[in-house]
Structure formats: C-alpha cells, structure tokens
Amino acid sequence: MGKAVTFKDYMKRVFVRYIVALICLMFIVFLAFMLLNYRLFVVKANTDCNQTVSAFVAGQWTVYQQGIKAFAENAELKNAFSAQADLREVNQQLYEFSLSQQLKANFVLLNQDHEIISTNLYKTNQLLFLTNRTVQEALTRLAGAPDMTYSGVIHIPFDHGQKSDITFIRAVQDGGRPVGYLVFSLQEDSLGVVMRNREADIIVITDAFNNVIFSTNNLLIDSLGKYKDDPGDASSLVLDEKPYHVTTNTLADSNMRIITLLSVAQQQQIVQFGGFFLLGISCFLLLLIRFLADKITARHLSSIDELLYAVNECRQGNIDYRIKSQSFSEFQMLYDNFNSMMLKVQQLLQSNNEMAERKRLMEVKHLEGQFNPHFAFNVMEALRYEILINPEQAARLVVAFANLMRYSINYGSTHVSLQTDIGYVQDYLLLQKMRYNQRLEYVIDIEETILPYKVPKLLIQPIVENSIIHGLENSKKITIRITGRRQAKQLVLCVEDDGPGLDAARLAALQAVLNDENAMPKRIGLYNVHRVAQLLYGQEYGLTIESVDGEGMRVLLKVPVILEDDDV
C-alpha cells in the first residue's frame, strides 16, 4: 500500500487526473478528426480521382478499339486503297472521329506495302512513324493475323504536339485478304489536357511492363522511361522529401496501370500545429489546476487534520474516541458517520468470533447437504432402468439404497470413524456393481491401524463416484482401488482408477476450479470434498489430483489424524 497523503495533495491529484483525462479526450478527439479528415480528403479523394481517371482511360480505350474495328469493315475505307479512289470522304470521316473524342488521335492509312496514303501527321512525323521499329513489327504481325487489333504502347517522339504513346493498328481486308492498315495513335498533349485540374497532385499511367505512358511529373520517370518509384501495394510514397498517398488501379482490358498521388503535407502540418497547440493548452491547464487546488483545500486542512487524528486513534485501538463538532456541514456529516461507525464497530467486535465460527459451520453443513442429493439422483436413475429390466434386482437395489440413506440420517455428526465411512463406501460400490456388473471392479485396501481415525462424513464417496461416472464414460471397464495410510500427522486416502484420465489442459482447468474459493462448478463432487476439508482443517489439506491422458486418474485426500470427534 502506498504512503498516505494529505487531503490537499489528494485534491491536487484528483484535479490533475481530471485535467489529464480532459487533455487525453481532446487529443483523442483531435486525432479522430484528423483521421476522418485524412480518410475523406486524402484516401477517398485520391481513390475517387483514380477511379474517375481509370474509367475515362478505359472508356477511351474501348471507343478506339470499337472505332478502328468499325472503320476496318467500312466499305468506303476499303475502296480508298484502289488507284482511282477519292480519299476526301475517308479523310473527313477519320478527322471527325478523332476530333469527336476527348483524347485526340493521329491517324495513318497505309497500303499493303506499308506506304502512307492518308494521314494527319506532319511530314517530319510521317518519317518517324514509318521508321519506328515497333510499328513495323506490329504491321508484320497483323499481316499474319488480319482479324486481330494491335493495341499497346508504342513510344513515337512526334514533334509539333503530335507525340503519342498509345497506338491501335488493324488490318483492312477486302475479299479475305489484307489490302492496307489503319492506325490511331493517341496524342499525349490531349491526354494532358484531360488530366489537368484533377484532385490528385500527380497522375501516372504505365503499361504492364512499368513503362510510363503519361505522367504529370517527370521526377517519377527514370532514364529508361520507366516508373522509378513503383509503390507496389504500398499506399504511401515520399517524393522530393514530400509524403504522398498512392492509389493504384490496373485496367483489365489494356493491362495499363493508373497511379494517382495526393500530397499529405497539409495534413501533416495541421497535425503538427494542432499537437503543439494542444500541448501548450495542456501545460497551462495543469499549472492552473495546481494553483486552484491549493486555494480550495487551504480552508479545510484543520477539518482533515481532525479526521486524520481520529482515524489514527482508531488504528491504535482506541475505538472509544469520538470527533467533536465541526462548523462545516459536510465535515460534520462525515464526523457523525464516523462516530456512529465506531459505535457499531464496538458492537460488531463482540460478536465477531461467534459469527465467524457459525459461518464456517454453516458452509460445511451446506456443502455436506449437497452430497446426498447428488448421489440419490444417480441411484434413482439406475433404479428406473432396473425396474423395467429386472424387478428382483431392483428390489435389492432399493434395500441397499435404504441402508445408505439410513447411514446419512443416523450419523448426524460432522465426523465419523474411517471404518464407518468405508463401510458406507463398500455399500455404495456394491450398489454400483449391481448396476454396471462386469464393467466395474474395485479393491479396498485400508490399513487396520487407521480405521478408528475420524474423518468428515461422506467425504470419500464423491471421489469414488467421480471415478465411476467419468471412468466409464469412455471405457468399457474400469478398476477402482481405494487405499489408506498414515503419514506423520496426516491421514492420506487414495482413490485410483484405470479409466481414460485427463489431458494436461483439462487437468489444469480442474485444479484451477479446486483452488478458487468462489467457484460455482456444474459438477460439485470433487470441489465440495476439497472445500469441506479446507474449511475444517486449513489450506494445507484437501485434494491433490494426478492424471495422465489415457492412463487413469489418482485422487489423494489429506486430512489430519483425529482420534476424537471434534464436531461442535
């Protein structure tokens, strides 16, 4: 117990505790607010932006996939590859389709010799297109699979705002053979216009191989054109010493990744400023409360001193001491209650020993009273079946049970001789032998020299009953051995069986119940035996249980050696 403190110090501590609790509450509310702010204005905002960008890119991808397929099957486009074809109508349709999309595209119409017959590319960019190795490989591949649409990332460094990365190519067939190719390459500047004014601070689009298709921040692109700060599954990233929340989404149709980064620097600044502000307020409140506590408690010190003196007198054994009147009504009520309590203590001390002894005996009698009903219910259950199967056997069962009940009635004392109680156990085992027949065997080996010793009545039978009930629960047959011997000033009775026993966990649980004075177990047999022994003789007596899973159980009952009945 800690050192006692004065009322003044106590009030200081109480006030400080309340203020600390209030400060903690403020910090919790602040952190909860910041967490909500972060979830709404960072995580949710970034996720919503990523979903919007993903939906837009996926939509445009689908539009160009469907559009290039429709153009490849268009009759006017097929006729454009003839020598006398008028390309004005085809050019008009391609221009209108490209300009009607949010992502504008460069278009190229090639004949089967890979020569440009129509395009909106500048002259310098046409040469870049024709000499691009990836484009030539895609055209060669489509020549062998004319029904396939090539769609993917092809970096073509066009000038004059026509730079593109995403390209769609499809062969145009006439009569089942390729006569040319149609190409749409999405303009990067057009993509940049769409991505401006988004919620996210940085937007990056990569292909399946981490090649950057589009980025609003070049710091994220390495010398090979790849995304160099790939977060993987991480939700945060530090870029240029600034923290960002990262959301990543992979488009199923194109395998492109949409990565959006939203700065959390503002949230960090709010947390830092709010933390320092709350810390300053907390220090001010703590200093203020310590000052107010001195003022509040100063007037009541004399009253507290009087109360402390009275408590000290009581501790010294002077329970006749009474506190005089006090001008403060609150303390006067306290003093009156103290004086009344001291008077009651005087009265209670006189009867304390008597009440304690009666309480002990009442608990023992209560626990003993549970033994007979507990056993009687089991016997009545066996009798119910014997009446139906073997009436003569049932009659003998009734006679044996009557002998047992007579024992309980005639021996009203708490203690009986061991010989008497063992005789009761023999009758009980005979009764159970009639019930279980060959499934139950028993041996009783008690030293004759200890038979006159006194033991609590009905204390051995519940242990035997426990072995029968739980031993036969999962076994076809068990043998119970009851032994008794004297060890110095102790009488040790042992009940062993070769039943299934208990595993380590169940044994530990059972021992925990036996050691709990306030336990209310469903199966009260062993617990009551243990409790009665400890109430009568002390904590060093009672039950000790040993068991190995599959090898049976051994229950030791230790009681003191008593030759005379000491029942009160």
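Let me start with a word I'll lean on today: a residue is buried when its relative accessible area is under 20%. Take W61 as a test case: its relative accessible area is 6%, so W61 is buried. Please keep in mind that what we are looking at is a predicted model.

Right, the overall picture. The chain has 568 residues, and 43% of them are buried. Its secondary structure comes to 15 helices and 17 strands. If you take the contacts between residues at least 6 apart in sequence, 62% of them join residues at least 24 apart.

Now back to W61, and to the aromatic rings. There are 10 aromatic pairs in total. In one of them, W61 meets F168: the ring centres are 4.9 Å apart and the planes sit at 65°, so this pair is edge-to-face. Where do the two partners W61 and F168 sit? W61 belongs to helix 1, residues 7–72, while F168 belongs to strand 4, so the pair ties together parts that are 107 residues apart in sequence. F168 is buried too, with a relative accessible area of 0%.

A second pair is formed by F97 and F184, and this one is tilted, with 5.3 Å from centre to centre and 45° between the planes. F97 and F184 also link distant parts of the chain: F97 is in helix 3, residues 88–99, and F184 is in strand 5, 87 residues away. Both F97 and F184 are buried. Which residues do the ring pairs link into a cluster? They are W61, Y64, F71, F97, F168 and F184.

While we're at helix 3, have a look at Q93, which lies in that helix as well. Q93 has a relative accessible area of 21%, so it counts as partly exposed; the cut-off for buried is under 20%. Leaving aside residues up to four places away in sequence, Q93 touches F71, N74 and E76. F71 is one of the residues in the ring cluster. As for E76, it is 17 residues from Q93 along the chain, and the C-alpha atoms of the two are separated by 10.0 Å.

Next up is helix 5, residues 133–144. At 1.5 Å a residue, its 12 residues should span 16 Å, and the end C-alpha atoms are 18 Å apart, which agrees. Which residues of helix 5 are buried? They are V135, A138, L139 and L142. These buried residues cover an arc of only 100° around the axis, which means they are on the same side of helix 5. A general reminder helps here: an α-helix has 3.6 residues a turn, so residues three or four places apart point the same way. On the face turned away from the buried side, helix 5 carries the exposed residues R133, T140 and G144.

What do the buried residues of helix 5 pack against? Their partners are helix 4 (123–130) and four strands: strand 1 (105–111), strand 3 (149–156), strand 4 (164–174) and strand 5 (177–187). Strand 4 is where we met F168, and strand 5 is where we met F184. At the N-terminal end, helix 5 is capped by N132, with a side-chain oxygen 3.0 Å from the backbone nitrogen of T134.

A quick stop at helix 6, residues 188–195. Its buried residues are S190, L191, G192, V194 and M195. Just after helix 6, N197 takes a positive phi of about 60°.

My last site is T260, in strand 10, residues 257–263. T260 is buried, with a relative accessible area of 0%. Which side chains does the side chain of T260 meet in polar contacts? One is N46, at 2.9 Å, and another is N50, at 3.2 Å. Not counting residues up to four places away in sequence, T260 touches N46, C49, N50, A200, I202, I203, H245, V246 and T247.

C49 brings me to cysteines. C49 is buried, with a relative accessible area of 5%, and C494 is buried as well, at 1%. How many disulfides does the structure hold? The count is zero.

That's my tour, thanks for listening!

Note on methods
Residues are numbered from 1 along each chain as its sequence is written. This is a predicted model: local features need pLDDT of at least 70, side-chain atom pairs count only at pLDDT 80 or more; totals for chains, interfaces and linings use all residues. Side-chain values use heavy atoms; hydrogens and water are left out. A disulfide is a pair of cysteine sulfur atoms within 2.5 Å. Buried means under 20% relative accessible area, exposed over 50%, partly exposed in between (1.4 Å probe, protein chains only). Helices (H or I, at least four residues) and strands (E, at least two) are DSSP runs, numbered from the N terminus. The expected span of a helix is 1.5 Å times one less than its number of residues. The arc is that of the directions from the helix axis to the C-beta atoms. Contact means heavy atoms within 4.5 Å. A polar contact is a pair of N or O atoms within 3.5 Å; within protein, one must be able to donate a hydrogen and the other to accept it, and residues adjacent in sequence count only if both atoms are side-chain atoms. Rings of Phe, Tyr and Trp (its six-membered ring) pair if their centres lie within 6.5 Å; planes under 30 degrees apart count as stacked, over 60 as edge-to-face and the rest as tilted.
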